[in-house]
Each structure stands twice: as structure tokens, then as C-alpha cells.
Amino acid sequence: MNTMSLTTLDRGKTTVDAEAIEALSAQLRGTLLQQGDAAYNEARTVWNATVDRRPGLIVCCVGASDVIRAVNFARENRLLVSVRGGGHNIAGSAVCDGGLMIDLSPMKSVRVDPAARRAWVGPGATLADVDRETQAFGLAVPTGINSTTGISGLTLGGGFGWITRKFGLTIDNLVSADVVTADGKLLRASQTENPDLFWALRGGGGNFGIVTAFEFQLHQMGPQVLSGLVVHPFADAEKVLEEYRKALETAPDELTCWVVMRQAPPLPFLPAEWHGKDVLVLAMCYCGDLQAGEKATKKLRAIGSPIADVVGPNPFTGWQQAFDPLLTPGARNYWKSHDFTQLPDRAVEIVTEAIRELPGPECEIFIGHVGGAAGRVAQNATAFPQRSSHFVMNVHARWREPAMDRACIGWARNLYEAAKPYAAGTAYVNFMPEDEVDRVEAAYGGNYQRLLEIKQRYDPLNLFRMNQNLRPKQSQRAA
């Protein structure tokens with residue numbers, strides 16, 4: 001009898017009968033891929049090009065029944081499992097080596113009920129998919145800033161972006177979720193049904209099951225926002241950041257302003273002599289009345305002597321895609337991040353010193369402006385605990401050639417270590433690379449022990465471990 005060797009949960013090998021694999025394939029509405037199949041390489045390729053893993057099997061799901069069958073097959077055969085939504089995660093946890101990859105990317109449906117202000121979203125949808133449907137009705141759910149990001153990973157890790165200060169995190173707008181748990185059951189999680197699971201899903205990542213549908217509450221917003229970039233010479237960075245901090249002290253919730261520091265790309269509105277030069281960019285979005293936005297952004301736009309100011313009315317869907325060209329697939333990426341309650345002077349100095357040592361033209365540092373409505377939620381209301389952080393810094397090393405790995409990763413790590421004494425000590429799990437398993441407990445702070453208890457209840461064998469993992473006690477003993 002023909003068999004296939006696959007990687008187990010214990011990272012050893014097991015053999016699975018070819019007949020069993022064929023039987024699984026016959027049960028699926030979607031597709032089962034193996035190495036050598038025409039679509040295999042595309043299915044295993046994710047956003048971060050440092051990730052080059054080869055699953056033994058890939059189940060491309062088109063509905064919850066496919067997910068249930070894949071989970072049951074993996075559990076019964078003790079296979080290592082990974083779950084792909086949008087494939088955008090920095091750690092590359094969507095792909096495993098040798099085991100079973102459950103691919104949700106075909107499940108892209110988005111259904112909007114404009115009267116109820118609700119959206120039902122499939123786990124394979126991207127932020128662009130969600131924005132297109134919701135904005136057709138002048139509605140929005142707060143998500144991230146890169147439209148090719150998958151809704152699943154973003155939501156399960158927390159989710160913040162341009163309109164978070166006004167409407168909260170993505171998880172603060174999650175009403176319910178359909179979840180396939182490790183025992184192959186389909187559960188509904190909400191405030192009234194399996195509330196412990198619902199609490200854990202809101203920030204606890206993919207540790208507890210596979211979400212096959214999200215239900216979000218929506219908010220009236222758009223279709224236009226006041227948004228755009230103000231670009232400054234990097235020589236003025238410290239003064240600009242000082243004034244930036246002051247301007248944000250009185251910023252309304254409708255206003256969000258992020259800082260991006262990098263070499264200037266060849267943007268059409270920048271004079272050619274600035275292309276490739278170090279710049280500091282204030283990227284801002286006001287999600288309320290446009291005239292009120294002009295007044296609210298005045299302090300930020302009055303800072304220094306900018307090279308360019310292209311802030312104006314824009315479709316929200318367009319603004320959500322503004323940074324996509326800088327984050328296309330195919331590059332090698334490594335991130336290090338910190339949360340900050342404030343930005344002390346020494347932290348600013350460390351960041352500006354690092355920009356003067358950029359190892360490549362695509363490397364950057366951005367500082368996300370959060371707080372607002374997201375900061376007015378109790379720390380223990382959801383698994384996501386970082387409610388007091390006002391800023392999130394992400395050190396984004398990005399390059400093309402493997403020969404640059406050491407220089408780019410080293411630059412990010414050095415900056416992370418230098419800024420560590422001034423940071424809050426927490427972490428955003430969606431920004432954590434694969435090598436930061438030691439930060440998981442700190443990322444969840446006071447919520448960590450409750451998360452472990454819920455993990456033990458829903459996934460005692462740690463079937464869902466390809467993530468920033470919460471290891472149940474049984475799994476810890478086995479290790």
C-alpha cells in the first residue's frame with residue numbers, strides 16, 4: 001500500500017496511507033494539493049520571502065465543512081498544522097514544513113447588511129475586500145493600513161489602523177465568530193455563546209481554533225476622508241517629532257497621525273532630488289467632517305518646512321491602499337517592535353540615530369498613533385491587553401538578497417535593544433517575528449494565565465501551534 005511521510009505534532013514523522021489521503025480529497029468541496037501539483041507552489045508562497053516551507057498536504061477550503069474535515073484528518077493522524085488566511089504574517093506561520101496546511105484564502109465572501117450595520121466576512125478576505133463592500137454603503141470597520149493583509153490574522157491579533165482611535169480595535173467591533181475547534185466541532189463564539197472562547201479570540205491569535213466566519217459591527221464613515229502625507233527632510237526629524245508629540249496631546253479621536261522614517265521612494269509629488277534621501281513622513285487621516293479635519297490637522301501641517309504636503313480629501317478605500325506599493329510580496333522582511341505609553345526624548349534620539357544607519361533603501365521605522373477609543377476599553381475585557389499604549393513602533397527591515405540577511409536583521413535587533421529601556425514592555429503579536437517566542441507571556445501580561453486555561457480547554461494537544469503559541473500544560477509536559 002502506498003504511503004506518504006508527513007510531519008507530526010511532535011515534529012517527528014508518520015506515514016499516512018495514500019488511500020486515506022484520496023478519501024480526504026474526495027470529501028472536500030475544495031482542493032487537496034501535494035508537491036508536484038501545478039498550484040502547489042503558489043499556495044505555499046506567502047508575503048514574507050524569508051519563509052520557504054513545504055507542507056506535505058495543502059487543503060484549499062471553500063467552506064466550513066472543508067475546514068472540519070481537514071482538522072479531523074490532522075488530529076487523527078497527529079499532523080503538524082498551519083492555517084493560512086491572507087498569508088501576510090511576518091512570522092510566516094501560515095506555512096508548515098511537511099505537515100498539513102489549511103488554506104482559507106478561497107473563502108473571501110463579504111456580506112453587508114446596511115440597515116443593521118453588520119458585515120459577515122469569510123476568513124480568506126483581505127482588508128481591501130472588506131473595505132470595498134462596506135464603503136459601498138458608507139460604512140466601515142476599523143482594520144489595518146495595508147489592504148492586502150488578511151482579515152483573519154489581523155483580527156485575531158487585535159487589529160489597529162487609521163480609524164482605530166475613533167472606532168476602537170478590530171476586535172472591539174467583533175460581534176461573533178464561527179470557529180472550528182481542535183475536536184472538529186463548529187462553535188459560535190459571542191458575548192452570550194461560548195463567551196470564554198470569544199474573549200480569547202479577541203487578541204489571542206489562532207491558538208483556539210480556526211475561524212470560518214466573522215461578524216462585525218459597522219460604523220457610518222466615508223466614503224471620503226481627509227488624508228495624506230507631509231514629507232520633511234530627515235535633518236529636521238528631532239524638531240518635527242517634538243512638535244508632533246505636542247500636537248497629538250489635543251488631537252480628537254477622529255485624527256490619527258503616523259510617522260514613517262525611511263529613504264524617500266520616487267513618489268510623483270516629491271522633487272527628483274529628494275528620491276532616495278532620508279525623510280520623515282507624517283501620514284495622517286481624519287475620519288470625520290472634512291472642514292473639521294482641516295482645523296484638526298492644522299497643527300501637524302504647520303510643523304517645520306516640509307518638502308511636500310499632499311493632505312486632502314480622498315476616498316477611504318484609496319487611502320487604505322496608499323502604502324501597498326511599499327509592501328508588495330516577494331521581499332525578505334524582518335520586524336521588531338515596541339509599545340510606548342509616551343515617546344521620551346531618548347527614545348526619539350535612538351530612532352533618529354538608527355535611520356542614519358539604514359542598511360537598505362526599503363528599510364523603515366514607523367510609529368503608529370493609537371489610543372483614543374481603543375484605550376478606553378478595560379485591559380481584561382479582551383485577550384488583547386495593550387490598552388494604555390499611545391504609540392507602537394515597528395522596525396521594518398526589508399530587503400531582496402539573502403546576502404543582506406545578517407545586516408538587515410542585525411540593524412532591527414540593535415534598534416530594538418537600544419529602545420527597550422524606554423518601552424512599555426508589552427508587544428503586539430501581529431508584529432512579532434518567529435524568533436520572539438520569549439515575548440509571548442509579556443505580550444499578554446495579566447491576561448496570560450486566563451488564556452492558558454482557555455487553551456487547555458479547547459486545544460489541550462496544541463494542534464493549533466503555528467502561531468505566537470500559548471502552550472497548554474499537557475503540551476508543556478510533553479516537551
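In which loop is Pro223 found? The first of these views of a predicted model takes up that question.

**View A. A cis peptide bond leads into Pro223.** Pro223 sits in the loop between strand 13 (219-220) and strand 14 (224-233). The bond that joins Gly222 to Pro223 is cis, and its omega is near 5°. As a bit of background, most peptide bonds are trans. For orientation, the domain assignment of the protein gives domain 2 as 110-220 and domain 3 as 224-422.

**View B. Domain 1 meets domain 2.** The domain assignment places domain 1 at 4-103 and domain 2 at 110-220, and their C-alpha centres are 24 Å apart. To the contact, domain 1 brings 11 residues and domain 2 brings 13 residues. About 900 Å² of area is buried between domain 1 and domain 2, with 72% of it coming from carbon and sulfur atoms. Look here for polar pairing and you will find three residue pairs in polar contact across the interface of domain 1 and domain 2, but zero salt bridges.

**View C. Helix 3 on the domain 1 side of the interface.** On the side of domain 1 that touches domain 2, helix 3 (residues 64-76) is the element that gives the most, with six residues. Sorted by class, this side of domain 1 has six nonpolar residues, four polar residues and one charged residue.

**View D. The hairpin of strand 1 and strand 2.** Strand 1 (residues 3-7) and strand 2 (residues 13-17) run antiparallel and are joined by five bridges. One pairing to pick out is that of Met4, whose bridge partner in strand 2 is Val16. Between the strands of this hairpin there are five residues, and Arg11 takes a positive phi near 70°.

**View E. A salt bridge between Glu254 and Lys166.** The closest N and O atoms of this pair, Glu254 and Lys166, are 3.0 Å apart. Distant parts of the chain are linked here, with the two positions 88 residues apart in numbering: Glu254 lies in the loop between helix 8 (237-248) and strand 15 (255-263), while Lys166 belongs to helix 6 (residues 164-167). In general, side chains of opposite charge can pair when their charged atoms come close. A search of the whole structure gives 30 salt bridges.

**View F. Asn194 has a positive phi.** Our last stop is Asn194, a residue other than glycine with phi near 45°. Asn194 is found in the loop between strand 11 (186-190) and helix 7 (195-201). For comparison, most residues other than glycine have a negative phi.

Note on methods:
Residues are numbered from 1 along each chain as its sequence is written. This is a predicted model: local features need pLDDT of at least 70, side-chain atom pairs count only at pLDDT 80 or more; totals for chains, interfaces and linings use all residues. Side-chain values use heavy atoms; hydrogens and water are left out. Domain bounds come from an automatic or database domain assignment. Contact means heavy atoms within 4.5 Å. Buried area is the accessible area (1.4 Å probe) that two parts lose on being put together, summed over both. A salt bridge is a side-chain nitrogen of Lys or Arg within 4 Å of a carboxyl oxygen of Asp or Glu. A polar contact is a pair of N or O atoms within 3.5 Å; within protein, one must be able to donate a hydrogen and the other to accept it, and residues adjacent in sequence count only if both atoms are side-chain atoms. Helices (H or I, at least four residues) and strands (E, at least two) are DSSP runs, numbered from the N terminus. Ala, Val, Leu, Ile, Met, Phe, Trp, Tyr, Cys and Pro count as nonpolar, Asp, Glu, Lys and Arg as charged, and the others, Gly among them, as polar. Two strands pair if DSSP finds at least two bridges between them.
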